[in-house]
Amino acid sequence: SIRTLRSVLDGTILRLEEMNGEKKLVNLNGGCLAYAKNQEFGKMDDYGYLPCNIFESEQHFNIQKINNIDEYNYLLSSNLKPKISEKESESVDYPFYTLHPDGSNKCVTMNPEGLQIKHCVNGENIQFKGQFAQDNCV
């Protein structure tokens with residue numbers, strides 16, 4: 001299983017804590033990333049860091065493996081964002097992973113201002129490389 005994700009954009013490492021099934025906790029800044037969808041129209045969704053708690057669904061995230069342009073364009077279109085062309089796809093380093101709040105198709109996005117959770121838009125700031133756990137102790 002994947003234990004860490006490394007941002008393609010800036011090399012930031014996100015540590016993942018395995019839960020039951022596909023869900024993960026994202027360890028960062030001494031806590032866990034949390035995402036709260038704001039139900040009020042026109043209000044921004046909220047995200048931040050909380051003490052880690054596997055029972056809080058706001059801290060549950062899923063990773064998605066993107067293997068090719070079709071999978072990538074499906075993700076982009078599900079966020080109502082423009083698809084990429086075959087030409088643009090040539091510069092994308094497949095496969096990569098994206099990270100999403102459980103029950104949301106928004107992406108964890110790395111920006112100069114730091115981590116944000118917003119609609120997935122084509123770019124290295126939503127792309128992560130997975131690093132698998134080593135089972136053998138040295």
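**Exercise 1.** In this predicted model, decide whether Cys-120 is buried or exposed.

*Solution.* Start with the cut-off: a residue counts as buried under 20% relative accessible area. Next, take the value for Cys-120, which is 0%. Cys-120 is therefore buried.

**Exercise 2.** Find out which residue forms a disulfide with Cys-120, and where the two partners lie.

*Solution.* First, look at the sulfur atoms: those of Cys-107 and Cys-120 are 2.0 Å apart. The limit for a disulfide is 2.5 Å, and this pair forms one. Now place the partners. Cys-107 belongs to strand S8 (residues 107-111), while Cys-120 sits in the loop between strand S9 (114-118) and strand S10 (128-132). The bond therefore ties together parts 13 residues apart in sequence. Then turn to the geometry: the angle about the S-S bond is 95°, and the link of Cys-107 and Cys-120 is right-handed. Finally, check the partner's accessibility: Cys-107 is buried, at 0%.

**Exercise 3.** Describe the disulfide of Cys-32 and Cys-52, including how each cysteine is exposed or buried.

*Solution.* Begin with the bond, where the S to S distance is 2.1 Å. Cys-32 is in strand S4 (residues 31-36), and Cys-52 is in the loop between strand S5 (46-50) and strand S6 (61-66). The two are 20 residues apart, and the pair links distant parts of the chain. With 95° about the S-S bond, the link of Cys-32 and Cys-52 is right-handed. As for accessibility, Cys-32 is buried at 0%, whereas Cys-52 is partly exposed at 39%.

**Exercise 4.** Work out how many disulfides there are and what pattern they follow.

*Solution.* The count comes to 2 disulfides. Counting bonded cysteines along the chain, the pattern reads 1-2, 3-4.

Terms used
Residues numbered from 1 in each chain as written. Predicted model: local features only at pLDDT ≥ 70, side-chain atom pairs only at ≥ 80, totals over all residues. Heavy atoms only, no water. Helix = DSSP H or I, 4+ residues; strand = E, 2+ residues; numbered from the N terminus. Buried < 20%, exposed > 50% of the residue type's maximum accessible area, 1.4 Å probe, protein only.
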